[in-house]
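Walk me through this protein model, from the whole chain down to its empty spaces and a few chosen residues.

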Amino acid sequence: MEKKVSHVIDFLSNDEVQRQLGDPSISGISFSFDIRTLLKKHSGGNPQFFNYSMRDSFHEWCADIELGANTNELVTELLWDIIYLTEHQFLLPYYHGEHKKFQKKLVKRVGNHLNSLVNNSASKPTGSMTVNVRHVWRNVGDRYTLLYLPLYFKELIWCKANGSIFHVIIPHTKEHVIHEHKEWLLAILEMAGYWNLSHVRLYLPRDDLTNIQTLLKNLHWIGANLLPNENRNECNENDDITLSDETYIILECEC
């Protein structure tokens, strides 16, 4: 897993990205791709880099960064690493040592989802690959996005979109930074709006007590609703028990 993280960080450390991060008018970068990019013949467009910069007195996301990868093989490996690391955010800590099993299941889930997109039909119910309409975080994303907002978060923000929902896993952060600065949420909402998504779901680490308590006291400030976690007693035979949202507090905002 450490190798995958290093691969992603190295990719994001190319000269053009670093140059743009040194520009005071740029407060964030993003890398995003449609999952259909994994297909040899696809209609999902190419992966894109964005910067979050000040233009005409307001911030917006713009695809102004060159991709910088040398070969298609390198890009494909990178996309798989991003999918793996994003879905890994929902893997229960008890199973973190079972990387090969997790990866094998994930490859099947992604393949099944790609087939359903190609065939324009629902996926066949095969174990954990079944589309989950109750807790959509379980479903493979139609689009995966990395956000880096260094003014507010030291870590990368892993995101995926399925249907009309943008799922955003918020990392641990500095004390009070989430409440003191609204710009981080605006950047996320605008990224979701760029892809014409209607809702953002924020997954906040349950043990990040300072920021959780502050946000729960100020739900009106971000216009969010508190969503219930999945009830494990209601899981069926198609739900992968190694995955869960129980380590997060979930807030939903309209874009």
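The paragraphs below start with the fold, move to the pocket and cavities, and end with three residues.

This is a predicted model. The chain holds 8 helices and 9 strands. It has 255 residues, and 48% of them are buried. Take the contacts between residues with a separation of 6 or more: 67% of these link residues 24 or more positions apart. The chain exposes about 13,200 Å². Carbon and sulfur atoms supply 50% of that area.

Now the open space. The largest pocket offers about 700 Å³. Its lining counts 30 residues, and the closest to the pocket centre are Gln89, Glu155, Leu156, Trp158 and Pro171. Two elements give two or more residues to this lining: α1 (2-12) and α2 (15-21). Of the elements, α1 gives the most, with 4 residues. By class, the pocket lining splits into 18 nonpolar, 7 polar and 5 charged residues.

Next, the closed space. A search of the whole structure turns up 2 cavities of 30 Å³ or more. The second largest cavity has a volume of about 30 Å³. Its lining is made of Leu12, Ile29, Ser30, Phe31, Phe49, Leu146, Leu147, Tyr148 and Leu156. Strands β1 (26-34) and β4 (143-148) each supply at least two of these residues. The class split here is 8 nonpolar, 1 polar and no charged. Leu156 appears in this lining, and Leu156 is also among the residues closest to the centre of the largest pocket.

Stay with strand β1 for the first of the chosen residues. Ser32 sits in this strand. Is Ser32 buried or exposed? Its relative accessible area is 1%, so Ser32 is buried. The Ser32 side chain makes a polar contact of 2.9 Å with the side chain of Thr145. Setting aside residues up to four places away in sequence, Ser32 touches Pro47, Gln48, Phe50, Arg143, Tyr144, Thr145 and Trp195. Thr145 therefore appears both as a polar partner and in the list of residues that buried Ser32 touches.

Move on to a loop. Tyr152 lies between β4 and β5 (157-162). Its relative accessibility is 11%, and buried means under 20%, so Tyr152 counts as buried despite its place in a loop. How far apart are the C-alpha atoms of Tyr152 and Gly28? They are separated by 9.7 Å, although the two residues are 124 residues apart along the chain.

The last stop is a second loop. Leu243 lies between β8 (224-227) and β9 (248-254). Its relative accessibility is 4%, so Leu243 too counts as buried. Which residues surround Leu243, leaving aside neighbours within four places in sequence? Leu243 is in contact with Phe90, Leu91, Phe102, Arg109, Trp137, Arg138 and Arg232. Phe90 is one of these contacts. The C-alpha atoms of Leu243 and Phe90 are 5.3 Å apart, while the residues are 153 apart in sequence.

Technical notes: Residues numbered from 1 in each chain as written. Predicted model: local features only at pLDDT ≥ 70, side-chain atom pairs only at ≥ 80, totals over all residues. Heavy atoms only, no water. 1 Å grid on protein atoms, 1.4 Å probe; cavity = no way out; pocket = protein on both sides within 12 Å on 5 of 7 lines; lining within 4 Å. Points joined across faces, edges and corners; volume = space filled by probe spheres on them. Nonpolar A, V, L, I, M, F, W, Y, C, P; charged D, E, K, R; others polar. Buried < 20%, exposed > 50% of the residue type's maximum accessible area, 1.4 Å probe, protein only. Contact = heavy atoms within 4.5 Å. Areas by Shrake-Rupley, 256 points an atom, 1.4 Å probe, with all protein chains shown as cover. Polar contact = N/O pair within 3.5 Å; in protein donor to acceptor, adjacent residues only side chain to side chain.
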